Amino acid sequence: MQNARLLPEKLTVYTTLVGLLNARNYNFGGEFVEAMIRQLKETLKSNLYSEAVYLVRFLSDLVNCHVIAAPSMVAMFENFVSVTQEEDIPQVRSDWYVYVVLSSLPWVGKELYEKKDVEMDRLLNQIEGYLKRRQKTHVPMLQVWTAEKPHPQEEYLDCLWAQVQKLKKDRWQERHILRPYIAFDSVLCEALQHNLPPFTPPAHSDDAVYPMPHVVFRMFDYTDAPEGPVMPGSHSVERFVIEENLRCIIKSHWRERKTCAAQLLSYPGKNKIPLNYHIVEVIFGELFQLPSPPHIDVMYTALLIELCKLQPGSLPQVLAQATEMMYMRLDTMNTTCIDRLINWFSHHLSNFQFRWSWDDWADCLTQDIEKPKPKFVKEVLDKCMRLSYHQRIVDIVPPSFSALIPADPVCSYKYGEEADSSLPGLAMATTVGNAIKNRASNEEILIVLKDVPNPNQDDDDDGGDGFNPLKIEVFLQTLLHLAAKSFSHSFSALAKFHEVLKTLTDSDEGKLHILRVLYEFWRNHPQMISVLVDKLIRTQIVDCAAVANWIFSPEMAHDFTRFYVWEILHSTIRKMNKHVQKIQNELDEAKVKLEKQHNKKRDSGDEEDMEKNSEDEEGQLEEQIERLQEKVESAQSEQKNLFLVIFQRFIMLLTEHLVRCETSGVDLNTTWYKNGIERLQQIFLMHHVIIQQYMGTLENLLFTAELDHHILAVYQQFCALQL
Amino acid sequence: AGICGSVSGSAPAPCPDAPAAEPCPPASAPPRPSGGAWRPATDTHFSLQTQLHTGVSFLVTGLNNGNRSDSYVDVSQYRDQHFKGNRYEQEKLLKQSCSLYVGNLSFYTTEEQVHELFSKSGDVKRIVIGLDKVKKTACGFCFVEYYTRADAENAMRFINGSRLDDRIIRTDWDAGFKEGRQFGRGKSGGQVRDEYRQDYDPARGGYGKLVQKS
């Protein structure tokens, strides 16, 4: 164990080592096993389930190395499977214990069956019974494609069960795993074995967080690799082992992309499998994993580029083939996964001079522009433009694709030279513009703006302090126009006139209107809209709920299916979540400080000075804690309200569509609807941890039994993720 | 109370060097047990326990990715010679920094492009485009500041060494933007590297300044 960089995918090497040591020193073996059992208990208590899987797998392989006696391993597995008999537990708990047993069998199934076939059969029967009766409501929410063809997106336990069944039928002959201990069998078989102590799985507790279920991602089969070694079938245990090991390698090396690529490409036994296809499949499987990928999205882009560099003669072709396949299947691909595909593909292309055979995708040009394929191409080109510039995009696509090219990201100033002379506010816009150019202060601008009439009020109003949409338009359009040159210019402008903006948007209507004006001005430049909305939130000119209401407003209906709108919404939710977390952390820190104070006081004895000072400090801390507690509650209330607004608006919009379709007898499954319902799903998936806190309210207020069952199904699938 | 980003960010503690563990008994170990239990002397038994515990901890730490190499996040050899403060202060700031220097940009690369690329590793707090001191035009570098250290680290891992505007860009830790640092320090107003280079780079003003003058 001197190499600190232990690699789970090299598990059998380490077990062999332990086996040899045990053969030389029985006590060492015993104490090692005991230490491992202790660690296993710790990891289970600490919710470190993927680490626990490796520990159990390690222990199973120690059976193969004659360190652990097979019957005691079977007994441990029996204890694990008996979790399926527990009552009132989340399904994900029993799922995990079944998973850990099944996933160890490729390593140790043969040995266990040789020694204890009756018990093992009983065990497998119990597992089969459990798998038949468990709920699978969560599956549709986690599938990358809704279609069953060409590859069914199987629930992970179902797939693993099929693989184990096949392995059993093959009499546990497993040829993929490298087993160094076989070479040492003559030494190892002399060793004395240890019995595992009886192991009771720790009881379920409320703060246990079990791994979420997942769906097995498959995009290739043996027909896809044109030449060379054949890809193992989807229900072969080899497929399982290869995927496990490749995922392990990524988990070990994701921080160092060159090493990670090299390790993937030097996978032992690579000559017997179409390794490039496995690697590409595993990488996309992780990238598209729902709710979220195991690692940050950009890592996968960087990794694929390194792989292309190391295998320039073969990997780029596999990647192109994969891209083509995913393009062909866009119609049934989950919207969240399409988002990730857009981001990956555009970023990837930007590293390769945007070279792509666009003509191969000419079929999308004849389709309605809202259909998945042309929409995908359009969004990809949008993103490519953000990484380059408009003319570049015009240059890289064939002229036939012009309808899909993004708009030139120029602003739309309504008070410009071409403006109609009768446009309200036109003269005022010039005045304001001049004032700004002459370095007017916030107060001076507000004075100038006093003269702007309020189209909402016919008679004399409250002195011009209420919501005045025209004031907002005149000021903001002019300001944005003067600052249109770059992000930094616009940020400076917003900062400089923060006071004016705050004053103008004091009401909810004001906040909504500023977003409308922003959108009108920058509607050809979605990237600019995104960064400015971000700044407006961070400088508290608008609040998160205003952004949510704006996105669902009728004015935004035209862009409702565009990617950037959802990026803005999710970014907004994330800011809200980070804000709550920040205050929560401050509160926790203050509580810890107070605790320390109490301890200090208790331990310090009775020096008067010390007591007086510490009393003051304590008093201050207690006050601070009270303040922070209020802040946290207020922030959480705002957070809950944000989700309520979002879900409410979704429900209204989707119900309207469903009712309209029902009454006019039209098929409800339009492209718009698919986008809408999957965007709703996406809210749940991307923020599931936070949303789970508010389930009670959501169920009572919004997701009630009266809701249309199509919409309720999304909620129920979400609930099923942690049942 | 606002949803303002915090500039805080503490660097993760560098991984401690793994102490060597020797679970293997030394070469002069007593003969293998033959049926009866072999009881070694008390103190060697204790050290075997400790070594075992360490060994298994390694296994778990290794599995938990606790001792993983993370070389892309390391600080480079470059140090800003104009830094106000001593070397110790500079090192400290670099280890905590959420700011990156970005080099080898094209003169035509915009703030918008930089923002799009660097947003892939997290929310960008600010971008300062580097300018020619004389011309006040972009001269091929910039600073990118994140709200958190973790996001900046991901940029070092996944964006450093990749392409922007078809050029391989390079990122490095920066001690923090200060007014004045947005200007090139070359004699002609641009970056020092553009003073002396011999090659022709159309995205960086053509030939190096020295070559242009000759």
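How many positive and negative side chains does chain A have, and how far apart do the centres of the two sets lie? I started with that one. Chain A has 75 positive side chains against 100 negative ones, and the two centres sit 7 Å apart. Note to self: this is a predicted model.

**Chain A, overall**

I looked up the secondary structure next. Chain A comes out with 30 helices and zero strands. I then took the box along the principal axes, and the C-alpha atoms of chain A fill roughly 100 × 85 × 55 Å. Of its 723 residues, 56% count as buried. For the surface I got about 31600 Å² accessible in chain A, with 51% of that belonging to carbon and sulfur atoms. I also checked the contacts in chain A between residues at least 6 apart in sequence: 75% of them join residues at least 24 apart.

**Helix 12 of chain A**

I picked one helix to go through properly: helix 12, residues 297-310. Does its length agree with its residue count? I worked that out from the rise: at 1.5 Å a residue, its 14 residues should span 20 Å, and the end C-alpha atoms are 21 Å apart, which agrees.

Then, is helix 12 enclosed or open? Eleven of its 14 residues are buried, so helix 12 is largely enclosed by the rest of the structure. I wrote down the buried ones: A:V298, A:M299, A:Y300, A:T301, A:A302, A:L303, A:L304, A:I305, A:E306, A:L307 and A:C308. A:E306, with its negative side chain, is on that buried list.

What covers them? From chain A, the cover includes helix 9 (237-253), helix 10 (257-265), helix 11 (275-287), helix 13 (315-328) and helix 14 (335-350). Chain B joins in too, with its helix 4 (149-158).

**Chain B**

That sent me over to chain B. I find six helices and six strands there, and reading along the sequence I get α-α-β-α-β-β-α-β-β-β-α-α. Buried residues make up 45% of its 214 residues. The accessible surface of chain B is about 11100 Å², 56% of it from carbon and sulfur atoms. Among contacts in chain B with a separation of 6 or more, 65% come from residues 24 or more positions apart.

Last, I checked the record. An unreviewed UniProt entry lists "domain: RRM" for residues 98-176 of chain B. In the model, that stretch is 23% helix and 39% strand, and its end C-alpha atoms are 8 Å apart.

Technical notes: Residues are numbered from 1 along each chain as its sequence is written. Chains are lettered from A and ligands numbered from 1 in the order in which they are written. This is a predicted model: local features need pLDDT of at least 70, side-chain atom pairs count only at pLDDT 80 or more; totals for chains, interfaces and linings use all residues. Side-chain values use heavy atoms; hydrogens and water are left out. Helices (H or I, at least four residues) and strands (E, at least two) are DSSP runs, numbered from the N terminus. The expected span of a helix is 1.5 Å times one less than its number of residues. Buried means under 20% relative accessible area, exposed over 50%, partly exposed in between (1.4 Å probe, protein chains only). Contact means heavy atoms within 4.5 Å. Accessible areas come from the Shrake-Rupley method with a 1.4 Å probe; for residues, only the protein chains shown count as cover. The place of a charge is taken as NZ of Lys, CZ of Arg, CG of Asp or CD of Glu. UniProt positions are given in the numbering used here, feature names are shortened, and annotations may be inferred rather than shown by experiment.
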